[in-house]
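These are my notebook entries on a structure I have open for inspection. I set down what I looked up, entry by entry.

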Amino acid sequence: MNTTTTKKYGDRIYRAITLIFALSILVILLIMTAEMVSESLPSLRKFGWGFVTGSDWDAVQGSFASLPYLYGSVVSSILAILLATPLSVGTALFITELAPHRVGAVTASLVELLAAIPSVIYGLWGILVMTPWLQSTVEPFLIKRLGFLPFFKGAPYGVSMLAAVFILMIMIVPIITSITKEVLMAVPSSQKEAAIALGATRWEMIRMSVLPYGRSGILGAVILGLGRAIGETMAVTMVIGNTPQISLSLLSPAYTMPSVIANEFAEATTKLHSAALMEIGLILLVVTLFINFLARMLLWSVTRKWKGDVA
Amino acid sequence: MNLRSIAARKASNLVATALMGTATVLVLLPLVIIFYHIIKMGVSSVNPAFFTNIPQPPGEAGGGMANGIAGSAIMIGMASLLGLPVGIFGAVYLTEYGNGKLATAIRFCADVLSGIPSIITGMVAYSMLVVPLKGFSALAGSFALSLIMVPIVLRTTEEQLKMVPATLREASLALGVPLWRTSIKVTLRSAMTGVITGVLLAIARVAGETAPLLFTALGNHFWSKKLTEPMAALPLQIFNFAISPYEDWHRLAWAGALVLVVLMFGLSLAARWVGRSKHS
């Protein structure tokens, strides 16, 4: 009798402790959001919607509006995603459908390696190797050949929107590739075998069986990559030039939301300045929460459906 | 299917194959280039002084990143003490008791949480610890890192615990061993190598984190004597030196990058090795 009661208590205590630890995930998420909202209240109250529509950022005058940072984040991330998606899907297809097993496995682990490199090292390489190369070679070429377009006007600074797009592309490709690879590997082989048995070439098999099945999963992977790109801080801060301006030209320096936080938060002296930076953080949080929510929904629905099929 | 000639179909197959191959080369090319530069620029500055000295003012030779390496080790250690138990035992809840909506919500939130930019984690740690303690500190830095570790460890541990055969647990329970002892002595123990793999990967991930330390640990040019003082960290030093205008500091930054990369790949190799030895 005595042993069974202690057994019961032991189990109850164990359950309670593990439950508290598991709940901490929800608590962290709630506290993060609550902190960000409460800390940005002074700025939310003072500037209202003007905060996201205006472009005047002046710590001395105490007037803050964030449009250039929003613009920089959105443009750099979207361009990076546009460049990264075909490369990632191509590589994931190469790994899963094309390469011999060993080659595919080696390629996949090299991609994982790329994903593990810390952002600050990409930034170091970006600022000391890539931007000088852009300034001396790529940008003069673009100005000469495509300078008639508004996107390639101006002087070659090296640090620029273009540099941010390139570094972001290099950084998110491994993430999108490895998730797309997981998605593609979950495509039932019966689907592919059916296409091959009907006499399809390998590309036709990919186009008719693999891609349609993987579509929403690949979309999830791309959206997840977008979330990463928008939140990426160190590498972008180091190469984008940190100038709050809205310019069509990819050659001019720009600024992003995480970069302005990284550069100014530790030195923000007035309450309003740090509240304004907190509000930028809050916008970033809401956007990335939404993006991750969407991406996980897509990825979860896909992998679950397939697991159900197999079982 | 539209009836195109065999030749056209074969040609498009060839083009698609070539494109996929090209994409792969383009993706792997930066890896080769970045590694080439890290090794070329870093090797010459990684010497004993790098591991024993603190940074020197630009122009003076013989500086190192000893305080950054030590600071990183201390903060990662403290973050692990806080984050690992929470992640591991949170995962135990999900595998032992978690079948309902709550468990699904926790899993989902963990996935979403791991996608939140780490600079926001830094801001939260700032307002929760730096402001009340009235100063940047190693404690705040560790706290920020532990917040990043929890969801990663939780999800990887859960994957490992799920792979433990149900028969093992059932055998233990059938012998009258209480669930909590079964969980610790049987389930966790047989998943141990997998859990360690996940832990090593989580450590490798936070070892390179810079953004959450910017306004928590802040960085320090000298040795920190207390945990309530600003503390240096290797990635922070790499950042500060990379954006400085000095050649000497650039050299140190490359050396730091080489050390950080070697450390991280060492960790992930160790993780793989641990994970593999389980199956043999």
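**Entry: a residue in a loop of chain A**

I began with Asn242(A), which counts as partly exposed because its relative accessibility is 24%, and the lower bound of that class is 20%. I note that the model is a predicted one. I located Asn242(A) in the loop of chain A that runs between helix 9 (234–239) and helix 10 (257–264). I then read its backbone: phi is positive, about 50°, although Asn242(A) is not a glycine. For context, I recall that most residues other than glycine have a negative phi.

**Entry: a positive phi in chain B**

I looked up Leu218(B) next, where phi is positive at about 70° although the residue is not a glycine. Leu218(B) sits in the loop of chain B between helix 9 (192–207) and helix 10 (234–242). With a relative accessible area of 31%, Leu218(B) is partly exposed.

**Entry: surroundings of Thr91(A)**

Is Thr91(A) buried or exposed? I found it buried, because its relative accessible area is 0%. Thr91(A) belongs to helix 3 of chain A, residues 67–98. I listed its contacts, leaving aside neighbours within four places in sequence. From chain A they are Val111(A) and Thr177(A), and from chain B they are Ala23(B), Thr24(B) and Val27(B).

**Entry: salt bridges**

I searched the whole structure for salt bridges and obtained ten over all chains. As background, side chains of opposite charge can pair when their charged atoms come close. I examined several pairs in turn.

In chain A, I checked Lys181(A) and Glu182(A), which form a salt bridge with the closest N and O atoms 3.7 Å apart. Lys181(A) is buried at a relative accessible area of 11%, whereas Glu182(A) counts as partly exposed at 45%.

In chain B, I turned to Arg107(B) and Glu158(B), whose closest N and O atoms are 2.6 Å apart in a salt bridge. This pair links distant parts of the chain, the two residues being 51 apart: Arg107(B) is in helix 4 (residues 101–113) and Glu158(B) is in helix 6 (residues 138–162). I recorded both Arg107(B) and Glu158(B) as buried. Which residues are linked with Arg107(B) in a network of salt bridges? I found Asp111(B), Arg155(B) and Glu158(B).

I also inspected Lys162(B), which forms a salt bridge with Glu159(B), the closest N and O atoms lying 3.7 Å apart. Lys162(B) and Glu159(B) are separated by about one helical turn, because they stand three residues apart in helix 6 of chain B. Lys162(B) counts as exposed because its relative accessibility is 52%, and exposed requires over 50%. Glu159(B) is partly exposed, its relative accessible area being 37%.

**Entry: a nonpolar patch on chain B**

Finally, I looked at the surface of chain B. Leu26(B), Leu29(B), Val32(B) and Ile33(B) form a nonpolar patch there, with about 330 Å² of accessible area together. I placed Leu26(B) in helix 1 of chain B, residues 6–43. Leu26(B) counts as partly exposed, with 45% relative accessibility.

Conventions: Residues numbered from 1 in each chain as written. Chains lettered and ligands numbered in written order. Predicted model: local features only at pLDDT ≥ 70, side-chain atom pairs only at ≥ 80, totals over all residues. Heavy atoms only, no water. Helix = DSSP H or I, 4+ residues; strand = E, 2+ residues; numbered from the N terminus. Buried < 20%, exposed > 50% of the residue type's maximum accessible area, 1.4 Å probe, protein only. Contact = heavy atoms within 4.5 Å. Salt bridge = Lys/Arg side-chain N within 4 Å of Asp/Glu carboxyl O. Patch = residues over 30% accessible without salt bridge, like charges linked within 9 Å, V, L, I, M, F, W, Y side chains within 5 Å. Areas by Shrake-Rupley, 256 points an atom, 1.4 Å probe, with all protein chains shown as cover.
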